[in-house]
Structure formats: structure tokens, C-alpha cells
Amino acid sequence: MHLMQLPREVLLGENLKGEVVNVARRLGLGERALVLYGPKTREIAGRDIEKSLGESFDVSGLVIREASMEEVERTLAKIRDENVNWLIAVGGGSIIDVAKLASFRAGIPFISFPTTASHDGIASANASIRDLGTKTSVKAVPPIAVIADVKVIKTAPYRYLAAGVGDMISNLTAVKDWQLAHRIKGEYYSEYAASLSLMSAKMVIKNADIIRLGNEESVRKVVKGLISCGVAMSIAGSSRPASGAEHLFSHALDAIAPKPALHGEQVGVGTIIMAYLHGLKWERIRETLKKVGAPTNAYELGIDPEYIIEALTIAHTIRPERYTILGKDGLTREAAEKAAKITGVI
Ligand SMILES: NC(=O)C1=CN([C@@H]2O[C@H](COP(=O)(O)OP(=O)(O)OC[C@H]3O[C@@H](n4cnc5c(N)ncnc54)[C@H](OP(=O)(O)O)[C@@H]3O)[C@@H](O)[C@H]2O)C=CC1
Ligand SMILES: O=C(CO)COP(=O)(O)O
Ligand SMILES: [Zn+2]
């Protein structure tokens, strides 16, 4: 059996902090709510939401510092201690992922209230969580509702929007890797999920000039594309349509680089290299990233070229069960260096 779970409500608009109460009532969520936020997103929107919810619900808040299993456990303990009925995640990808997994483990619903358009985990059913040093992709639940407040998302520095473009353009190589795994390993492949995922990638290539403006229309376009990616992942039942070798490269960088860049920035650069390895038109990908002002090389990522090469050579070991263009043995150091040099990444 293939179970597809999707959000029941998606709100995209302005000034939606006060709408959380109405959504929760409409969906019949229980009396005890827990708001998860980061130190910054608490100030950006979390505190306001907590206050407005407080008028109708029994609410408490919890500051989450990273997407790790420890933070999931800490959230689960609070859910148990306070008999929490539902969660709301106010933040970037890390906060949403912690809510996603805690909600799944506790068997309670969660609302996704993104404060950035930097990643496609806003509406997806899988969580990327650091466990024992590396990022693992864990099956969880999608949010019961997504409330995307364009005004809040626009408070984030432009860099985050450009990162969202990187996370969407990565679908081009992710789908290629998925097709490869389907042909070589007989892995399940969903043409529908793949097409939906590619649609977001093509949308950013076509709309790079509009996105570059960083206005409300740009935010709306990017958010819609990111939500579609999440739906594609839910249809597939895994992150396959949106995560291939370029993501393994980014997860490797997160594990070894002293100061990693944003997820979407790293996967964008990874996409250039993996597109080259796939024999795709990698120049077009680089051009789109340049157009939207996203990093296209090690220098712009703020990461030493040595870590780029190392990440490329170890990427295939991150999730050996996820077959990609890197194959079972991965890239040799020479091949990694050559690919990174040809594509101008180092
Ligand atoms: N499950 C899935 O399908 C997916 C998961 N991911 C995961 O998402 C994570 C990346 O998410 P990303 O959003 O890039 O990074 P983070 O969630 O790690 O957030 C990065 C920083 O941005 C801050 N921030 C958030 N909103 C704003 C704002 N409006 N203005 C200013 N600063 C803000 C955060 O503040 P604060 O310190 O308050 O938190 C944090 O310090 C990775 O862990 C990645 O693996 C990515 C794609 C898909
Ligand atoms: O980031 C993702 C899709 O963009 C999903 O991440 P994983 O590589 O952790 O499955
Ligand atoms: Zn991603």
C-alpha cells in the first residue's frame, strides 16, 4: 500500500499571524498548543503567534537550536509533560523538521509557519535530522496546515530566497539520479512526482529575473514552488524527487566544513557539479543561480576548496542506499577536483 499524506489547508497571504487561531479552530485542534521557534524567529513572529494563541488556547513555547535528534527528544519530553495536543513550527527548515518528527513520533498534528523561503521542507512529509553526526532523512508527517505569511518571509535577508531557488533547481539532478536508480536498481519511481518536482525547477529558471527583485511577487512564486516540491516528496513517499547526489554533497559539507553555508546555497552549487557529471547543461543552472544572486562557487559559499573536494569524494558514503550518479564507489579525488574546476566551483 502507498499512503500519501498531504496538508489539509495551505494559506498564502499577508498578515497571517492572527490567522493561526482560526485555522486551529477550523481543524478542531485541541486545547494545548506548543509553539516551536528559534532565538531569532521567536522575535520575528513566534512571540506574536504565542500571544494571539494564548487568548483561545493553553499555549507554551520552546526554543529549538538545531535540527538534531536531541532537540526532537527534548520536544517530545515537553509534549508528554504538558499533554500537548498540537504543535506549530515558526521558523526555517531546522525548526520545521524538528516539529515534523516530534509530531509524527507523538502522534499529534503540527502547523508549518515558515519564516523563510529557503528550503522545500515547508510542506514535505520527511524530516532531515542530524543523528550521530550525519543528516538522515526520516519519514514523518506533513503539516496539517501551512500558513505562509509573505510579509514575515520578506523580513528574511534576500540570501534566503536565493537559497530557496537552489533547493528547487536541485530537483533537476535529483530526478536524474532517481531515474538512474530506477533503471539500475529497480527502485520505485513515480513519474507524476518527478514531473511535479521538475515543474518547480523549470519555474525558477524561467522566472529568475522576477525572483531577483526580491519583492512580494518573488516570495509568492518561490513559496508556491517550494510547497509543490513538498507535495512531490509526499507523493513519492520519500525525498527522492528533490534530493539526489547534490544533496549528499551538501550533507557531507555540513558534516566536515567548519562553517557550512545555507542548505539551499550548498545544494545549488552541488547541482552545477552533478549536472556536469550527468552530462546535462550545467551552464544553464549556473546562469540561473548567478541571476538570482545565489553562490556558484566555493569562494561565494565561504567554504575552502579543500572541503569541496573532500565532500565530493565522501558524498556517496552518506546514504549508501540512495543510488546516484556517484555510484557505489564515489568520485576519486582527481575526478572530484576536475569536475569542480571545469564547472568553476573551485
Ligand atoms: N525535510 C525536508 O524536506 C527538508 C529539510 N531541509 C532542512 O532544512 C534546513 C535548512 O533550512 P534553512 O531555513 O536554510 O536554515 P535554518 O532553519 O537552519 O535557519 C537558518 C537561520 O535563519 C534564521 N532565520 C529564520 N527565519 C528568519 C528570518 N525571517 N529572518 C532572519 N533570520 C531568519 C534562523 O533563526 P533561528 O536561529 O531563530 O532559528 C537560523 O538562524 C536543513 O537542516 C535542511 O536539511 C531542507 C530542505 C527540505
Ligand atoms: O532537502 C531535501 C529536499 O530538498 C530533503 O533532504 P534529504 O536529503 O535529507 O532527504
Ligand atoms: Zn533540500
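The following conversation goes through the surroundings of the two ligands in a predicted model.

Mentor: This is a predicted model, in which local features need pLDDT of at least 70 and side-chain atom pairs count only at pLDDT 80 or more, while totals for chains, interfaces and linings use all residues. Residues are numbered from 1 along each chain as its sequence is written, chains are lettered from A and ligands numbered from 1 in the order in which they are written, and side-chain values use heavy atoms, with hydrogens and water left out.

Trainee: What makes D120 a polar contact of ligand 2?

Mentor: A polar contact with a ligand is a pair of N or O atoms within 3.5 Å. A polar side-chain atom of D120 lies 2.6 Å from an oxygen atom of ligand 2, and for S128 the distance is 2.7 Å, so both pairs satisfy that limit. The side chain of H263 also has an N or O atom 3.1 Å from an oxygen atom of ligand 2. Of the 300 Å² of accessible area that ligand 2 has on its own, the protein covers 96%, with areas taken from the Shrake-Rupley method with a 1.4 Å probe.

Trainee: Why is ligand 2 said to lie between domain 1 and domain 2?

Mentor: Domain 1 (9–155) and domain 2 (158–343) both give residues to the shell around ligand 2, so ligand 2 lies between them; the bounds come from an automatic or database domain assignment. There are 13 residues around ligand 2, where being near requires a heavy atom within 4 Å. Strand 6 (126–131) and helix 11 (245–256) each supply at least two residues of this shell.

Trainee: Which contacts of ligand 1 count as polar, and how do you know that?

Mentor: A backbone N or O atom of T41 lies 2.9 Å from an oxygen atom of ligand 1, and an N or O atom in the side chain of S124 is 2.9 Å from an oxygen atom of this ligand. A polar backbone atom of N126 is 2.6 Å from a nitrogen atom of ligand 1, so these pairs too meet the definition. Taken alone, ligand 1 exposes 940 Å², of which the protein buries 87%.

Trainee: Where does ligand 1 lie with respect to domain 1 and domain 2?

Mentor: Both domains give residues to the shell around ligand 1, so ligand 1 lies between them. Of the 29 residues that surround ligand 1, the closest are K40, S94, T115, S118 and N126.

Definitions and conventions: A polar contact is a pair of N or O atoms within 3.5 Å; within protein, one must be able to donate a hydrogen and the other to accept it, and residues adjacent in sequence count only if both atoms are side-chain atoms. Helices (H or I, at least four residues) and strands (E, at least two) are DSSP runs, numbered from the N terminus.
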